[in-house]
Amino acid sequence: MMKFFVLLVLLTTFLTYRAYADAGIGIVIGDPTGVSGRVGLDNSHSLEGALAFSSSHYEGLHIHGTYLWDRARTFSTSEGPLEMYYGLGVRIITIQDGKYDGDIAIGPRAPLGLLYNFNNPNLEVFGEVSAALDLAPKTDVDLDVGIGVRVRF
């Protein structure tokens, strides 16, 4: 029930927020794998989050939210711009396996990624690497890698 409530809150937030730029919702595959959303705040900043399942360092429900600096660097391609972004946020994993079963891993995360926007259909494709510093249940460093696609609206 709690997982459903968290998903409902995240989806409602992403779908009802009046964004300056654009918003998108879709999937991310890798570690974590699940639902991903992004809401533009202006032309240079956005909020990004995911409700997913982590299967590497800790196995369990993965939730993260990140403030992004968009268009940190833009690379020209023959099809259009490839945009680099970076950010700072928080990651929470409800651990469901191993020594820390039932505990919660929490700590800051710092992603670095690339994003490409398609105009027809209205999609964005992204790939990112994110370093996370777990502060609980023990201090540890983790690396998340994912690729995904979101429908922009």
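## Exercises on a predicted chain

Read along the sequence, the chain runs in the pattern α-β-β-β-β-β-β-β-β, and the model in which this pattern is seen is a predicted one.

### Exercise 1: The chain as a whole

Work out how many helices and strands the chain has, and what share of its residues is buried.

Solution. The chain has one helix and eight strands. Of its 153 residues, 39% are buried. The surface that the chain exposes comes to about 8200 Å², and 66% of this area is supplied by carbon and sulfur atoms. Turning to contacts, if one takes those between residues at least 6 apart in sequence, 48% of them join residues at least 24 apart.

### Exercise 2: Salt bridges between distant parts

Determine which parts of the chain are tied together by the salt bridge of Asp 22 with Arg 152, and do likewise for Glu 124 with Arg 38.

Solution. The count of salt bridges comes to 11. In one of them Asp 22 pairs with Arg 152, with the closest N and O atoms 3.3 Å apart. Asp 22 belongs to the loop between helix H1 (2-16) and strand E1 (23-31), while Arg 152 belongs to strand E8 (residues 140-152), so the pair ties together parts that are 130 residues apart in sequence. The cut-off for a buried residue is a relative accessible area under 20%; Asp 22, at 18%, is therefore buried, and Arg 152, at 11%, is buried as well.

The next step takes Glu 124, which forms a salt bridge with Arg 38 whose closest N and O atoms are 2.7 Å apart. Because Glu 124 lies in strand E7 (residues 123-134) and Arg 38 in strand E2 (residues 33-40), this pair ties together parts that are 86 residues apart in sequence. Glu 124 is buried with a relative accessible area of 0%, and Arg 38 counts as buried at 6% relative accessibility.

A further salt bridge joins Asp 134 to Arg 91, with 2.7 Å between the closest N and O atoms. Here the linked parts are strand E7, which holds Asp 134, and strand E5, which holds Arg 91, and the two residues are 43 residues apart. Both Asp 134 and Arg 91 are buried. Finally, salt bridges that share partners join Asp 22, Arg 38, Glu 124, Arg 150 and Arg 152 into one network.

### Exercise 3: The surroundings of Ser 46

Decide whether Ser 46 is buried or exposed, and find the side chain with which its own side chain makes a polar contact.

Solution. Ser 46 lies in strand E3 (residues 45-55), and its relative accessible area of 0% makes it buried. Its side chain makes a polar contact of 3.0 Å with the side chain of Asp 70. Not counting residues up to four places away in sequence, the residues that Ser 46 touches include Arg 38, Val 39, Thr 66, Tyr 67 and Asp 70.

### Exercise 4: Ile 95 and the rings of Tyr 58 and Tyr 100

Find the residues with which Ile 95 is in contact, and explain why the ring pair of Tyr 58 and Tyr 100 is classed as it is.

Solution. Ile 95 lies in strand E5 and counts as buried at 3% relative accessibility. Leaving aside neighbours within four places in sequence, the contacts of Ile 95 include Tyr 58, Tyr 100, Ile 104 and Pro 137. The C-alpha atoms of Ile 95 and Pro 137 are separated by 9.6 Å, and the two residues are 42 residues apart along the chain.

For the rings, the count comes to four aromatic pairs. The centres of the Tyr 58 and Tyr 100 rings are 6.3 Å apart and their planes stand at 85 degrees, so the pair is edge-to-face. Since Tyr 58 is in the loop between E3 and strand E4 (59-77) and Tyr 100 in the loop between E5 and strand E6 (104-118), the pair ties together parts that are 42 residues apart in sequence. Tyr 58 counts as buried at 5% relative accessibility.

### Exercise 5: A surface patch and a ring cluster

Identify the residues that make the nonpolar surface patch, and those that ring pairs link into a cluster.

Solution. The patch, of about 380 Å², is made by Trp 69, Tyr 86, Leu 88 and Leu 112. Ring pairs link Tyr 67, Trp 69 and Tyr 86 into a cluster. Tyr 86 lies in strand E5 (residues 80-95), and at 38% relative accessibility Tyr 86 counts as partly exposed.

Note on methods:
Residues are numbered from 1 along each chain as its sequence is written. This is a predicted model: local features need pLDDT of at least 70, side-chain atom pairs count only at pLDDT 80 or more; totals for chains, interfaces and linings use all residues. Side-chain values use heavy atoms; hydrogens and water are left out. Patches are made of residues with over 30% relative accessible area and no salt bridge: like charges are joined within 9 Å, nonpolar side chains (Val, Leu, Ile, Met, Phe, Trp, Tyr) within 5 Å. Accessible areas come from the Shrake-Rupley method with a 1.4 Å probe; for residues, only the protein chains shown count as cover. A salt bridge is a side-chain nitrogen of Lys or Arg within 4 Å of a carboxyl oxygen of Asp or Glu. Helices (H or I, at least four residues) and strands (E, at least two) are DSSP runs, numbered from the N terminus. Buried means under 20% relative accessible area, exposed over 50%, partly exposed in between (1.4 Å probe, protein chains only). Contact means heavy atoms within 4.5 Å. A polar contact is a pair of N or O atoms within 3.5 Å; within protein, one must be able to donate a hydrogen and the other to accept it, and residues adjacent in sequence count only if both atoms are side-chain atoms. Rings of Phe, Tyr and Trp (its six-membered ring) pair if their centres lie within 6.5 Å; planes under 30 degrees apart count as stacked, over 60 as edge-to-face and the rest as tilted.
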